[in-house]
Each structure stands twice: as structure tokens, then as C-alpha cells.
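Trainee: Could you take me through this structure feature by feature, giving the general idea of each reading before the case itself?
Mentor: Gladly; let us begin with the metal site.

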Amino acid sequence: MPDFRPADSFRSPRFAQPATFMRLPHTRELPGLDAALLGIPFDGGTSYRTGSRFGPRDIRQNSSLIRPYNPVLQVSPFDVLRVADVGDVDVNPINIEDTYGRVEQAVVDVLNAGVVPVCVGGDHSLSLPILRAVNRKHGPVGMVHFDSHQDMWEEYFGNKYFHGTPFRRAVEEKLLDTKRVIQIGIRGPVYADSDFDFARKHGIRWVTAPQVAQEGLDWIREQMLVVRGGPVYLSFDIDGVDPAFAPGTGTPEVGGLTSREALELVRALVGVQLVGADVVEVSPPYDQAGITSMLAANILFEILSVMAATRLQQRQDSRRSTGKP
Ligand code: MN
Ligand code: MN
């Protein structure tokens, strides 16, 4: 088994060699991994600014400075988990339903190898085929969903599938345990108050961006506890963060989370059983100086850190319960 660690930056400078996520090894061999970084360069579900098809490449490019130890969570994820960059799904750039089939199969392959998929978009329409795959393995899952939008609209120009509908479809297809779902960062003008009716009807909880400011992070961490009690999926639409910090995205909404709040809230997931994750909607053509891709890369690092810290916690708990040192 090769060593799954980022390249040593004292031997190979950070700007050298083909870009993989955090300069991790690239492999298509899934068995033996704990987590796989999977790019999905598809933006055919976008309704406004396109360009997120270039997200995976740009996020890899902007991940090369991230160092391997997380001093906040006090964990070095690559000491705990074997993580590789498994490349991209070869999507069909002009057909969303064909792409959905390809994405679902790729994620099923990852899950069947006992590996946690950490997906990089691509637009948010992709969360639906990922969740379909996750559901085949785990049944209905809880979800933490960062976004300025609920993505629970009914349709767009007669299409059931685009980046504004994935979670309505996911609820209809019973992919989610709706009691264990929370959306964070919701804001911006909608068409009417009735846009929230679907979420209300299905008992979906959401925290608005103004509430983040008014109630504070501790209150939100408390709200996030609802996802506990089973497997959880994390979906992070980068437009949950304010366009001042994340301008490179398809449908920006002002008045959002700061990058610091976003990182803090992802860290709050230590102890949660994450069975999959995505970071989506980074559109490099609208980015400035790589700041959106850099944030996305750091959110991915925090997700891996959370998985590693959770694994360490579980080891400690089982040692305690067995009484073994
Ligand atoms: Mn959004
Ligand atoms: Mn979204």
C-alpha cells in the first residue's frame, strides 16, 4: 500500500508537478482508501452564470498551499485517513440525465469499495445523483446543506433537473431523512413567500443568513445537532458564503456567511457520521485571484479534518468502553 500523503514540500516545491488536490497521490484504485476526492466537471444544470465545469481543476490548483496539520481540530488528516485524488467523472457536457447516470455509477463504485466520496463540482444539480448513490448504500441520510438557496424549486423551463431543484427531487425520491436535515445561509429575494412552502410542508429546518448574524455561531451549532443519529451527507454550495469572499460562483447573493464562519461551522461536524460530501458551484471564470477556489479547497481540507477527528474520537470511545489502553 503506497503512502497516501501530500507531496513533501521540502522535496518538491508546492508549485511543481501536475496539480492534484493538496498534492495527494492520484490513483483510480479505490480499495484500501478511506476517502476519495472525486471531481465532477459539469455545469449543464446552471441557470445563470456558467463556468463551474472548471471548478475541480481550479480548486486543485489552488489547494497546493494547504499544509497537512489542522491546528484548530488538532488533527493531521493524512495520519488518520488514506486519501487520494481519484480524478474526475467523465461527464456528458451537453446531457444532464446521461451525466446523472455516470455520476451515480462513479459514486456507487467509490462507496462499494468502502470509501467515502468527497466530490468537487460542478454545479449543484450534481448532488442529486450523488445522493441517489449514497441512498443505495446507506438508505435515507441526514444532511447539512450550506447555500444561499434552498434548491427546492419545482422546475425550470419545463426541466425537472437543474441546480435549483436537487433537494426537492431528493425529498420526493425519499433519499433524505427530512427530520435530520438543516440548511444554513439561506437568503436573498425569492419569487414569493410560497417558495418556502415545500420545505415547510416537509419539515425541513433552515437557518437564514440574518439569523447567523443575529443568533451567533453557538446557536447554529446547537441547531446543527438535529442531523445526529445516523449517516449524514454534507453539501456545500460556495454561494452560501458572501460574494465578498466567494465571487466566483453562478448565482451570487449578497449578505452571506464570512469565510471564517463557514470554516467554523464545518468544524462543528466533528462527531457526525459523514458518509459523503460535495463542494459545488465554484465558477473560476468569475473568480478573482483564486479566492473562491482557495476557500473551496480549504473547506475540503476541513471536511477531511472533520472525518479524521471523528475517527480518532471513535477510537478513543471504543478504547474507553473496552477498557483497553
Ligand atoms: Mn446557491
Ligand atoms: Mn445550491
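Trainee: How are the donor residues of the manganese ion (ligand 2) spaced in sequence?
Mentor: A spacing pattern is read from one donor to the next, and here, in what is a predicted model, the pattern for the manganese ion (ligand 2) is H-x22-D-x3-D-x85-D. The residues behind that pattern are H124, through ND1, and D147, D151 and D237, each through OD, with distances of 2.0 to 2.2 Å. Two of these donors link distant parts of the chain, since D151 sits in the loop between β4 (141–146) and α5 (166–172) while D237 belongs to strand β7 (residues 232–237), 86 residues apart. Both D151 and D237 are buried.

Trainee: Which protein donors does the manganese ion (ligand 1) have?
Mentor: For a second ion one makes the list again and then looks for shared names. The manganese ion (ligand 1) is coordinated by D147 (OD), H149 (ND1), D237 (OD) and D239, the last of these entering with two OD entries, and the donors lie 2.1 to 2.4 Å from the ion. Their spacing in sequence reads D-x1-H-x87-D-x1-D. D237 and D239 are both buried.

Trainee: How far apart are the manganese ion (ligand 1) and the manganese ion (ligand 2), and which residue coordinates both?
Mentor: The two ions lie 3.2 Å apart, and D147 bridges them.

Trainee: Which residues touch the most other members of the largest nonpolar core?
Mentor: A core can be read first by its membership and then by its most connected residues. This one has 55 residues, and V144, F146, I184, F236, I299 and I303 touch the most other members. Helix α9 (residues 291–322) supplies the largest share, twelve residues. To see one of the members at work, take I184, whose contacts beyond four places in sequence are V144, H145, F146, D147, V207, I220, M224 and L265; D147 is also the residue that bridges the two manganese ions. There is, in addition, a second, separate core of 41 residues, among them L38, I96, A170 and I204.

Trainee: What span should helix α3 have, and how far apart are its end C-alpha atoms?
Mentor: The check multiplies a rise per residue along the helix and compares the result with the model. At 1.5 Å a residue, the 17 residues of α3 (residues 96–112) should span 24 Å, and because the end C-alpha atoms are 24 Å apart, the two values agree. At the start of the helix, a side-chain oxygen of N95 comes to within 3.0 Å of the backbone nitrogen of E97, and after the helix comes G114, whose phi is positive, near 75°.

Trainee: Which residues of α3 are buried, and what covers them?
Mentor: The buried residues are I96, T99, Y100, V103, E104, A106, V107, V108, V110 and L111. Their cover includes β1 (35–40), β3 (116–121), α4 (127–138) and β8 (274–280). By contrast, D98 counts as partly exposed because its relative accessibility is 30%, and R102 counts as partly exposed at 37%. The side chains of D98 and R102 meet in a salt bridge of 3.2 Å, N to O, and the two residues lie four apart in α3, about one turn of the helix.

Trainee: How many salt bridges does the structure hold, and which residues are linked with E154 in a network?
Mentor: There are 24 salt bridges, and the network with E154 comprises K160, R168, R169 and E172. Within it, the side chains of E154 and R169 meet at 3.1 Å, N to O. E154 lies in the loop between β4 and α5 and R169 in helix α5, so the pair ties together parts that are 15 residues apart in sequence. E154 is partly exposed, at 32% relative accessibility, whereas R169 is buried, at 2%.

Trainee: How far apart are G51 and P285 in sequence and in space?
Mentor: Here one sets separation along the chain beside separation in space. G51 and P285 are 234 residues apart in sequence and 6.1 Å apart, C-alpha to C-alpha. G51 lies in the loop between β1 and α1 (55–61) and is buried, with a relative accessible area of 5%. Beyond four places in sequence, G51 touches D43, V282, S283, P284 and P285.

Note on methods:
Residues numbered from 1 in each chain as written. Chains lettered and ligands numbered in written order. Predicted model: local features only at pLDDT ≥ 70, side-chain atom pairs only at ≥ 80, totals over all residues. Heavy atoms only, no water. Donors = N, O, S within 2.8 Å, 3.2 Å for Na, K, Ca; no water. Buried < 20%, exposed > 50% of the residue type's maximum accessible area, 1.4 Å probe, protein only. Core = buried A, V, L, I, M, F, W, Y, C linked by side-chain atoms within 4.5 Å. Contact = heavy atoms within 4.5 Å. Expected span 1.5 Å × (residues − 1). Polar contact = N/O pair within 3.5 Å; in protein donor to acceptor, adjacent residues only side chain to side chain. Salt bridge = Lys/Arg side-chain N within 4 Å of Asp/Glu carboxyl O.
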